[in-house]
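Trainee: Could you take me through one part of this model slowly, along with what surrounds it? I'd like to follow it residue by residue on my screen.

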Amino acid sequence: MPRQQEKRDRELRSLDRISRVPRSAPASGFPSLMEGDPAAFAGLVRQYGVVMEMALERRAFKVEHKIPEELHSLADLLGSLKAGPRDVVEIYKAALSEKTQGVPLQRAYAYLDEGRLLMLELMGYLASHYRDLCLRNRGRADAAGAS
């Protein structure tokens, strides 16, 4: 088995292990997006796949795309669905599986590299979304308490 394919398979196994760790979200009443809203999950996987394509074009052809804006929009959508880091990992895993099926190994390796970086950036935007939400809610509570 070629080395790049081994790396892809190892990444997918690692993501699979991460996604099987018990969630804290069900304790708060929120199932994973994959389980709770499969249609939304599939749409998010498609959207993430588009961003992965943009990242590959940027890498190969030096095309400028508005990737941060796309990820920020995706993070806001994830936040509105009450998604968490595990959901981001599951989206990346599903998109990576789809994008790397039947493609040359060099392209699969590029998806692996770019997808992982995008996943981390998306998690950062999602964390910012929740931080901003908390600050807005705290501001409303402070304003209500002052009345």
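**A close look at helix H4**

Mentor: Happy to! The cover over the buried residues of H4 includes helix H2 (33-36), helix H3 (38-61), helix H5 (85-100) and helix H6 (105-146). This is a predicted model, in which local features need pLDDT of at least 70, side-chain atom pairs count only at pLDDT 80 or more, and totals for chains, interfaces and linings use all residues. Residues are numbered from 1 along each chain as its sequence is written, and side-chain values use heavy atoms, with hydrogens and water left out. The helix names follow DSSP runs numbered from the N terminus (H or I, at least four residues, for helices; E, at least two, for strands).

Start with the helix itself. H4 covers residues 67-80, and its 14 residues should span 20 Å at 1.5 Å a residue; the end C-alpha atoms are 20 Å apart, so the two values agree. The expected span here is 1.5 Å times one less than the number of residues.

Now for the side that is packed away. In H4, Ile-67, Leu-71, Leu-74, Ala-75, Leu-78 and Gly-79 are buried. These buried residues line one face of the helix, because they fall within an arc of 140° when you look down the axis of H4. That arc is taken from the directions of the C-beta atoms as seen from the helix axis. Buried means under 20% relative accessible area, exposed means over 50%, and partly exposed is in between (1.4 Å probe, protein chains only).

One partner is worth finding on your screen: His-129, which lies in helix H6. His-129 touches Ala-75, Asp-76, Gly-79 and Ser-80, leaving aside residues up to four places away in sequence; contact means heavy atoms within 4.5 Å. His-129 has 15% relative accessibility, so it counts as buried too.

Next, look at the loops on either side. Lys-62 sits in the loop between H3 and H4, and its phi is positive, near 60°, though the residue is not glycine. With 64% relative accessibility, Lys-62 counts as exposed. After H4 comes Lys-82, again with a positive phi near 60°, placed in the loop between H4 and H5. Lys-82 counts as partly exposed, because its relative accessibility is 47%.

Beyond that loop is H5, one of the covering helices. H5 has 16 residues and reaches 22 Å from its first C-alpha to its last, close to the 22 Å expected. Among its buried residues are Val-88, Val-89, Ile-91, Tyr-92 and Leu-96. Just after H5, Gly-102 has a positive phi of about 75°.

Two other covering helices, H3 and H6, take us to the largest pocket. Its lining consists of Glu-53, Leu-56, Glu-57, Arg-59, Ala-60, Phe-61, Gln-106, Arg-107 and Ala-110. H3 and H6 are the elements that give two or more residues to that lining, and H3 gives the most, with six. A pocket is an open set of points on a 1 Å grid over the protein atoms alone, where a 1.4 Å probe fits, with protein on both sides within 12 Å along at least five of seven lines; lining residues have an atom within 4 Å of a point. The space in this pocket is about 170 Å³.

Technical notes
Points joined across faces, edges and corners; volume = space filled by probe spheres on them.
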